[in-house]
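Reader: I would like to learn how to read a structure feature by feature. Please take me through one.

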Amino acid sequence: MKLTRREFLRGAVGWGGLMVAGSIELLAARGSEPVRRALRYLAARQSADGGWRSERYAAFREGDVLTPVVLWAMSAVRPNSGRNAACARGLEWLRQLSDACGARQDPWTVLKYPLFTASYAAQVFAREGDTVRAAGWVKIVEQLRTSPALGWRVGDPMTGAWSDAASPPRFTEPVPDMLAPNISATALAASALAALGASNSPAAQPFLEHCQNFSEGEPTKFDDGGFFFALDDPIRNKAGSAGRDGRGRERFRSYGSATCDGYLALRACGLPVDHPRVRAAAGWLRANCAGLTHGGQWVAGRAGARASLVYYQSQALAVVLRDLPETTGWVRRFRASLTSELAARQGDDGSWEGLAPDSCEDEPVLATAFALRALVLTA
């Protein structure tokens, strides 16, 4: 079972106050019962060696997949004045993995999902102020980018972005799904670069623009400002096909998780919040998202796909809402709606669990990490 749709944004590092660390840590200091319950659940699920593992998915049992994302979620609620024991043990586990990977020429060979692990680990260590380990993980992120050095063509919109490749993606034709860039991997990688203050995310902008239903000229009925997952891919573009435009090109429906990723990736590329593409993405989210509903107009027969990524979308949408100016009531309403629905769906043990297995959110450790992050950011 593949795990490819993942988060964006790290703590207080990056782009002109995109996230306000002080307010996050104030929440932790005051205490929020759903947050405390989630932290207790995650602490209870921690392995004796400090890592987090899945009881459901064999691919998540080594610790390298879940540990970085749990620490990333915890970093939003841990106050500067102290560190809970679970976080401290987890950080030590991740330091040991970092040092082992740093000693290898081919670190991706010992990681199940190397971009996922490297991107989240980079964000965790950047937040910790451990720039040496963060830079080591960012180096892996850069090695996993599509680039001319790996045979990708200059001027091809896929060049400069990221895919779910398990090793440096050398170009081959036709391009297999695992090597073809997608919006989630690209947003995740861009967040790692931003966490360390890197400035080369703009190389991914052509790919992002090709994944946005946006026209700089006269818009068509397809140009609603939202994003889809990947180029020319009717299967992985979860919401389905929207039809063919006047040039005969197949167009794909915009949907919530992809549009959140697209918005945040454009910001990582340096586009200001008032850029037409950024405004268009925000406008799509305003018109199509509410609470935990996975936004968009989905084709019939894709209910399972729509139910997946609910908690992933929630944390990404929470970051978008924090980035937008609160000049109108809709931002505040959306944040309140997310907070309310997240609290309502929390289990008695403090966890969250997705209803669909498509993107592994039926693994409660993963869903809880995403939901915890979203809950803190919307408070």
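Author: What follows goes from the overall fold to helices, strands, cores, unusual backbone and salt bridges. Keep in mind that this is a predicted model.

Reader: Start with the whole. How many helices and strands are in the protein?

Author: The protein has 14 helices and two strands. Of its 379 residues, 59% count as buried. The exposed area is about 14400 Å², and carbon and sulfur atoms supply 52% of that.

Reader: What share of the contacts between residues at least 6 apart in sequence join residues at least 24 apart?

Author: The share is 65% in this protein.

Reader: Now a single helix. What span should α5 have, and how far apart are its end C-alpha atoms?

Author: Use the rise of 1.5 Å a residue. Helix α5 covers residues 114–128, 15 residues, so it should span 21 Å. Its end C-alpha atoms are 21 Å apart, which agrees.

Reader: Is α5 mostly covered or mostly exposed?

Author: Mostly covered: 14 of the 15 residues of α5 are buried. Look also at what comes after the helix. Gly129 follows α5 and has a positive phi, near 85 degrees.

Reader: On to the strands. In which sense do β1 and β2 pair?

Author: Antiparallel, over three bridges. Strand β1 is residues 241–244 and strand β2 is residues 250–252. For the register, note that Arg244 stands opposite Glu250 in β2. The hairpin has five residues between the strands. Among them, Gly248 takes a positive phi near 85 degrees.

Reader: How should I think about the interior?

Author: In soluble globular proteins, nonpolar side chains tend to be buried together. Here, the largest nonpolar core has 110 residues. Those with the most contacts inside this core are Trp52, Val69, Trp137, Trp162 and Leu372. Helix α14, residues 364–378, gives the most to the core, with 11 residues.

Reader: Take one of those residues. What does Trp137 touch, beyond residues up to four places away in sequence?

Author: The list includes Leu97, Ser98, Cys101 and Leu111. Trp137 also touches residues of α5, including Thr117, Ala118, Ala121, Ala122 and Phe125.

Reader: Which residues belong to the second core?

Author: The second core is separate and has six residues, including Leu150, Trp152, Met158 and Phe171.

Reader: Next, the backbone. What counts as unusual?

Author: Most residues other than glycine have a negative phi, and most peptide bonds are trans. Look for departures from that. One is the cis peptide bond between Glu173 and Pro174, with omega about 0 degrees. Pro174 is in the loop between α6 (131–143) and α7 (183–195).

Reader: Where is Asp232, and is it buried or exposed?

Author: Asp232 sits in the loop between α8 (205–210) and β1. Its phi is positive, about 50 degrees, although Asp232 is not a glycine. Asp232 is exposed, with a relative accessible area of 69%.

Reader: And Cys360: buried or exposed?

Author: Cys360 counts as buried, at 0% relative accessibility. Its phi is positive too, about 70 degrees, and Cys360 is not a glycine. Its place is the loop between α13 (329–345) and α14.

Reader: Last, charges. How many salt bridges does a search of the whole structure find?

Author: The search finds 19. Read each pair for distance, place in sequence and exposure. Start with Arg56 and Asp362, whose side chains meet at 3.7 Å, N to O. Arg56 lies in the loop between α2 (33–44) and α3 (66–74), and Asp362 in the loop between α13 and α14, so the pair ties together parts 306 residues apart in sequence. Arg56 is partly exposed, at 41% relative accessible area. Asp362 counts as buried, at 12%.

Reader: Which parts does the pair of Asp223 and Arg251 tie together?

Author: Asp223 lies in the loop between α8 and β1, and Arg251 in strand β2; the two parts are 28 residues apart in sequence. The closest N and O atoms of this salt bridge are 2.7 Å apart. Asp223 and Arg251 are both buried.

Reader: Which residues are joined with them into one network?

Author: Salt bridges that share partners join Asp223, Asp245, Arg249 and Arg251.

Reader: What about Asp233 and Arg236, buried or exposed?

Author: Both are buried. Their side chains meet in a salt bridge at 2.7 Å, N to O.

Key:
Residues numbered from 1 in each chain as written. Predicted model: local features only at pLDDT ≥ 70, side-chain atom pairs only at ≥ 80, totals over all residues. Heavy atoms only, no water. Helix = DSSP H or I, 4+ residues; strand = E, 2+ residues; numbered from the N terminus. Buried < 20%, exposed > 50% of the residue type's maximum accessible area, 1.4 Å probe, protein only. Contact = heavy atoms within 4.5 Å. Areas by Shrake-Rupley, 256 points an atom, 1.4 Å probe, with all protein chains shown as cover. Expected span 1.5 Å × (residues − 1). Pairing = 2+ DSSP bridges. Core = buried A, V, L, I, M, F, W, Y, C linked by side-chain atoms within 4.5 Å. Salt bridge = Lys/Arg side-chain N within 4 Å of Asp/Glu carboxyl O.
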